[in-house]
Amino acid sequence: MRALGTLRQLAEQKAPGPSPSFTELHLAEVVEIIGCAAIGRARLSKEINLGEGATRTLISRLIDAGLATTNRRGIQLTKSGLLIRAELKRNFPREAAVPRSSITVGPHNFGILVANGGRKVTNGIEQRDAAVRAGATGAVTLLFKRRLLYVPPMGRVKARDWQKTARGILNILKPKENDAIVICGAESMRKAEEGARAAAWTLIDS
């Protein structure tokens, strides 16, 4: 995935002074946000929950890489930036808050669909660990195969409300054959979303 490699390089770029507090996940979120509409730096800082200094550095790196530009309306993507955003959308076509149920792991839960992500799922531990490192409570990984949702490695879910829960997840995220779904739980929706992004990125190629 070209987008992941590009954004990871920008996040790891060396520069004088202390290392910035953002990751490729913040960069991807910014690409999604400014791909919808131009936005000012102060508002963007609040949207992604980063300090203004780190946000300034992040924006500078996107501009230096030719992925973003600024004008009177704010920061917006260039054609190259829009290509990165399109690639991200192909890999993560849908994401949404998910209602709490017997399979979720926190008071607030957020799900991300990973297109063809099933080929990289083993037992879900890597996704759970990535979510926890991002500040979440944990994560559940699901596979969509033969029109059914499974917990890897292809185990049927025995939760008491599973049929209702599965229908809800399918209606919200609409997976296709061999797609994966990561649902992350946390004490806040922001942390649940950050954890889900971190977990989902373990299922794509760099």
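These legends describe close-up views of a predicted model.

**View 1. An aromatic pair formed by Phe92 and Trp201.**
The count of aromatic pairs comes to one. Phe92 and Trp201 form that pair, and the rings are stacked. Their centres lie 6.1 Å apart, with 15° between the planes. An angle under 30 degrees counts as stacked. Phe92 sits in the loop between α5 (79-91) and β3 (95-97). Trp201 sits in the segment after α8 (189-200). The pair therefore ties together parts that are 109 residues apart in sequence. Phe92 is buried, with a relative accessible area of 6%. Trp201 is buried too, at 9%.

**View 2. The surroundings of Leu203 in the segment after α8.**
Leu203 is buried, with a relative accessible area of 1%. Neighbours within four places in sequence are left aside here. Beyond them, Leu203 is in contact with Val114, Gly117, Lys120, Val121, Gln127, Ala180 and Val182. Asp64 is 139 residues from Leu203 in sequence. In space, the two are 28 Å apart, C-alpha to C-alpha.

**View 3. Thr55 in helix α4.**
Helix α4 spans residues 52-64. Within this helix, Thr55 is buried, with a relative accessible area of 0%. Residues up to four places away in sequence are not counted among its contacts. Thr55 touches Arg41, Leu44, Ser45, Ile48 and Leu50.

**View 4. An open sheet of five strands.**
The strands follow the order β3-β4-β7-β5-β6. Their pairing is antiparallel. In general, strands of a sheet pair through backbone hydrogen bonds. At the edges stand β3 and β6 (148-150), each with a single partner strand. One side of each edge strand is therefore left without a neighbour in the sheet. Neighbouring strands are turned by 25° against each other on average, direction ignored.

**View 5. The pairing of strands β5 and β7.**
Strand β5 covers residues 138-145, and strand β7 covers residues 180-186. The two run antiparallel. Six bridges join them. Ala139 has Cys184 in β7 as its bridge partner. Ala180, one of the contacts of Leu203, falls in the range of β7.

**View 6. Helix α8 across the sheet strands β3, β4 and β7.**
Helix α8 lies across these three strands. Relative to β4 (108-114), α8 runs at about 25°. The segment after α8 holds Trp201 and Leu203. Both residues are buried, Trp201 at 9% and Leu203 at 1%.

Methods. Residues are numbered from 1 along each chain as its sequence is written. This is a predicted model: local features need pLDDT of at least 70, side-chain atom pairs count only at pLDDT 80 or more; totals for chains, interfaces and linings use all residues. Side-chain values use heavy atoms; hydrogens and water are left out. Rings of Phe, Tyr and Trp (its six-membered ring) pair if their centres lie within 6.5 Å; planes under 30 degrees apart count as stacked, over 60 as edge-to-face and the rest as tilted. Helices (H or I, at least four residues) and strands (E, at least two) are DSSP runs, numbered from the N terminus. Buried means under 20% relative accessible area, exposed over 50%, partly exposed in between (1.4 Å probe, protein chains only). Contact means heavy atoms within 4.5 Å. Two strands pair if DSSP finds at least two bridges between them. Axes are lines fitted to C-alpha atoms, for helices over the stretch in contact, and angles run from 0 to 180 degrees between N-to-C directions.
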